[in-house]
Amino acid sequence: KRFEDTIYGIIGAESPVVMQIAAHSPHRRENAFHTAKGIYRFLDAPEYEEQNLLLPIYEKAKKDLGHENEVVVVIDLSPWEKPYAKKMERLCKVEKKDKSGLTNGYVSVSTICIGEDIKRLGYFHLFANEPLSQNLEIRKAMEETNKLLPSGAKVIWVWDKGFDDGKNYEDIIGGDKEFIGRVYHNRKITVKGSKTKLLDWGRTLPVKTRFKASIFIWGKRREIEVEISFGRCKWNTHQVYLLRSRIVKAEGINLEKIKEEDRGWWLLTNICIKDEKSAFKVWRTYYKRWAIEDFFKFVKDGLMEEVSRARR
């Protein structure tokens, strides 16, 4: 089990730490170099490629999701910072967590499939964020995840602002799937035949309802109060809906120090929002996106810990 976890860690980090493992191997015959060659031959076998190792997990997801009537699929991009790495394979530039600039690292794309009482990993892949590669990786993740989903189930794709891209919208709208995506405020839309910015129009929408919720926000579970506004518009030729949720009260947070546009979510969806009930359902469905954070905590804490152990 420990060896298997270590191999997963190597794959997760996409870094050649085999020499470090070999140097501390109690089974090496002559020296670390010869031991490393054997490990590399082992890892080069097709059955130990990343996606093949993950196949049993995907198969379990397909089996467990088979009886679901509705599946929310959360798709996410996440940067993996490797600021001190110089010789790791296929390094690219990623944005730092503190938004202060770029550093060396990788990007992962993953999907979590959420049923009534279950969460299952649908896809995971680490890649170098090179020009044009990101949309291809997103499309591949969506295609592979679709293979797991029950044919008769209602499917709702959910994503953050990292997916706010016209190609991603077209891929979903062109099919029979629904989506809820967080959008940038400067996106251009059409309202009653006139083009405008989402931000300018969204600010004019009247508040339709207000409710209280307990959510994990800014590092802690807090009691909040939320105002909801919504309206219908067009993106390109497609009819979509904007749902604007604005936090007006938050336990332990001074909202005056936070920009108005950052106090909530601006969500674009092809789900019909006709009243307060349907608006709340869209808000609640998007909130399920935060299940992905639990997954990333597991991946980064678990896999990276194993890599650190291997290096020691």
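This is a short conversation about rings, charges and burial in a predicted model.

Visitor: Why is the pair F211 and F280 called edge-to-face?

Guide: Start with the total: there are eight aromatic pairs. In this one, the ring centres of F211 and F280 lie 4.9 Å apart, with the planes at 85°. Rings pair if their centres lie within 6.5 Å, and planes over 60 degrees apart count as edge-to-face. The angle of 85° therefore makes F211 and F280 an edge-to-face pair.

Visitor: What makes this a link between distant parts of the chain?

Guide: F211 is in strand 9, residues 209-217, and F280 is in helix 8. The two are 69 residues apart.

Visitor: How do you know whether F211 and F280 are buried or partly exposed?

Guide: Buried means under 20% relative accessible area, and partly exposed runs from there up to 50%. F211 has 13%, so F211 is buried. F280 has 31%, so F280 is partly exposed.

Visitor: What makes W283 and Y287 a stacked pair?

Guide: Their ring centres are 6.0 Å apart, and the planes differ by 5°. Stacked needs an angle under 30 degrees, so W283 and Y287 qualify. Both sit in helix 8, four residues apart, which is about one turn of the helix.

Visitor: Why is W283 called buried?

Guide: The relative accessibility of W283 is 5%. The cut-off for buried is under 20%, so W283 counts as buried.

Visitor: Which residues do the ring pairs link into a cluster?

Guide: The cluster holds F211, W265, F280, W283, Y286 and Y287.

Visitor: On to charges. How do you know that D64 and R120 form a salt bridge?

Guide: The structure has eleven salt bridges. The side chains of D64 and R120 meet at 2.7 Å, N to O. The limit is 4 Å, so this contact counts as a salt bridge. D64 belongs to helix 4, residues 50-65, while R120 belongs to strand 4, residues 119-127. They are 56 residues apart. R120 is partly exposed, at 24% relative accessible area.

Visitor: Which residues meet R210 in salt bridges?

Guide: E225 meets R210 at 3.0 Å, N to O. E227 meets R210 at 2.4 Å, N to O. Both distances are within 4 Å, so both contacts count as salt bridges.

Visitor: What makes the pair E227 and R210 a tie between separate parts?

Guide: E227 lies in strand 10 and R210 in strand 9, so their bridge ties together parts 17 residues apart in sequence.

Visitor: Why are E225 and E227 called buried, and R210 partly exposed?

Guide: E225 has 11% relative accessibility. E227 has 13%. The cut-off is under 20%, so E225 and E227 are buried. R210 has 45%, which lies between 20% and 50%, so R210 is partly exposed.

Visitor: Which residues do shared salt-bridge partners join into one network?

Guide: D76, D160, R182 and R289 are joined into one network.

Visitor: What makes the patch of K277, K281, R284 and K288 positive?

Guide: Lys and Arg count as positive, so the patch formed by K277, K281, R284 and K288 is called positive. Take R284, in helix 8, residues 276-287. R284 has a relative accessible area of 43%, so R284 is partly exposed. Patch residues need over 30%, so R284 clears that cut-off.

How values were computed. Residues are numbered from 1 along each chain as its sequence is written. This is a predicted model: local features need pLDDT of at least 70, side-chain atom pairs count only at pLDDT 80 or more; totals for chains, interfaces and linings use all residues. Side-chain values use heavy atoms; hydrogens and water are left out. Patches are made of residues with over 30% relative accessible area and no salt bridge: like charges are joined within 9 Å, nonpolar side chains (Val, Leu, Ile, Met, Phe, Trp, Tyr) within 5 Å. Accessible areas come from the Shrake-Rupley method with a 1.4 Å probe; for residues, only the protein chains shown count as cover. The place of a charge is taken as NZ of Lys, CZ of Arg, CG of Asp or CD of Glu. Buried means under 20% relative accessible area, exposed over 50%, partly exposed in between (1.4 Å probe, protein chains only).
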